[in-house]
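Me: Could you take a close look at the backbone of this one for me? I'd like to hear about the odd spots in the loops, and then about one glycine in a strand.

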Amino acid sequence: MSPAINWRNPYAAGGRFWLKGNLHTHTTCSDGRLSPEEVIRIYERMGYGFLSITDHGRVSSGNGVATELALLPGAELGPRHMCVIGLDPARIANRAGDSSQQRITRNVKRRNIVILNHPDWQAREHYTIDELKALSGYTGIEIYNSVIERLAGSPLSTAKWDRLLGSGMRVLGFATQDAHRAGDHLDCCCVVRVNRSSRAAVFNALARGNFYCYYGVAITDIGRRRDRVFVATENATLIRFVGKDGKILAKTRGQSAEYTFGKGTDTDYVRIECLGTGEEISWSQPFFRAAV
Ligand SMILES: [Zn+2]
């Protein structure tokens, strides 16, 4: 958990434009099939603004490839897979023998972002709900990891996210590709709201939760005024507001919608899912009713 996140409204800081990026990618420096340069060129062609190369057990900052992309130093570390992303590669802690909790704690202290990856990969999930609840201090979990579409398990982990949020844990949701080879670079990513496209601006937006998870529906505006949470999109056909423990509180047809927290105790938080055509979707961060 980061104290910098405004849990009543993660989007309060605003920003002039939106920028797409992938925070989970492999290259030939670990088990990926493409070189760092080939991977960077793919994301340039896709119109992305930022990227973190997260090879297994190895901190990468882009291997000196010249690019306009904001490259965030990162690594995918074990024993259970987690992506650690920072601004300074020297501050990413990768100590042999660390437990998952030690690795989380060490990295969060150093102001890195720690994301627990693909909780529903494989029949025996990579993280069970009890394991996610037993760990603490991490920034968030992958709520959609598109490489799992071609592997065993489920790419989608919003049910576990709701169980964490419903139990009072405040963690962000991330959508990533976990790309290993050609064909894995689907347009599934995080979209930050920033005033500048610098590495620091992107990192701060991510650390604050000023971003949403994209897989085909573009959000143009999102935020909160008093107890009213609102979203506007380019291409949603249905918007649902999801509350405590995954309950769907409201559904609205169309490109934009809003939800007002009631006076009673209907839910501690609300998050938004924007559905488009076919499998197109985007997910907001949760808005908690109260600050603490
Ligand atoms: Zn990975």
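Reply: Sure. Keep in mind that this is a predicted model. Let's start with Pro79, which sits in the loop running between strand E4 (74-77) and strand E5 (82-85). The peptide bond leading into this proline, from Gly78 to Pro79, is cis, and its omega is near 5 degrees. That's worth a look, since most peptide bonds are trans.

Next come two loop residues with a positive phi. Most residues other than glycine have a negative phi. Asn63 goes the other way, with phi near 55 degrees. You'll find Asn63 in the loop that links strand E2 (50-51) and strand E3 (70-71). Its relative accessibility is 43%, so Asn63 counts as partly exposed. Arg111 also has a positive phi, near 65 degrees, and belongs to the loop between helix H2 (100-109) and strand E6 (113-116). With a relative accessibility of 70%, Arg111 counts as exposed.

Now for the glycine. Gly243 is part of strand E13, which covers residues 238-243. Gly243 counts as buried because its relative accessibility is 0%, and the cut-off for buried is under 20%. Who's around it? Leaving out residues up to four places away in sequence, Gly243 touches Asp162, Leu249, Thr267 and Tyr269. One further pair to check is Gly243 and Phe288: they are 45 residues apart in sequence, yet their C-alpha atoms are 9.7 Å apart in space.

Conventions:
Residues are numbered from 1 along each chain as its sequence is written. This is a predicted model: local features need pLDDT of at least 70, side-chain atom pairs count only at pLDDT 80 or more; totals for chains, interfaces and linings use all residues. Side-chain values use heavy atoms; hydrogens and water are left out. Helices (H or I, at least four residues) and strands (E, at least two) are DSSP runs, numbered from the N terminus. Buried means under 20% relative accessible area, exposed over 50%, partly exposed in between (1.4 Å probe, protein chains only). Contact means heavy atoms within 4.5 Å.
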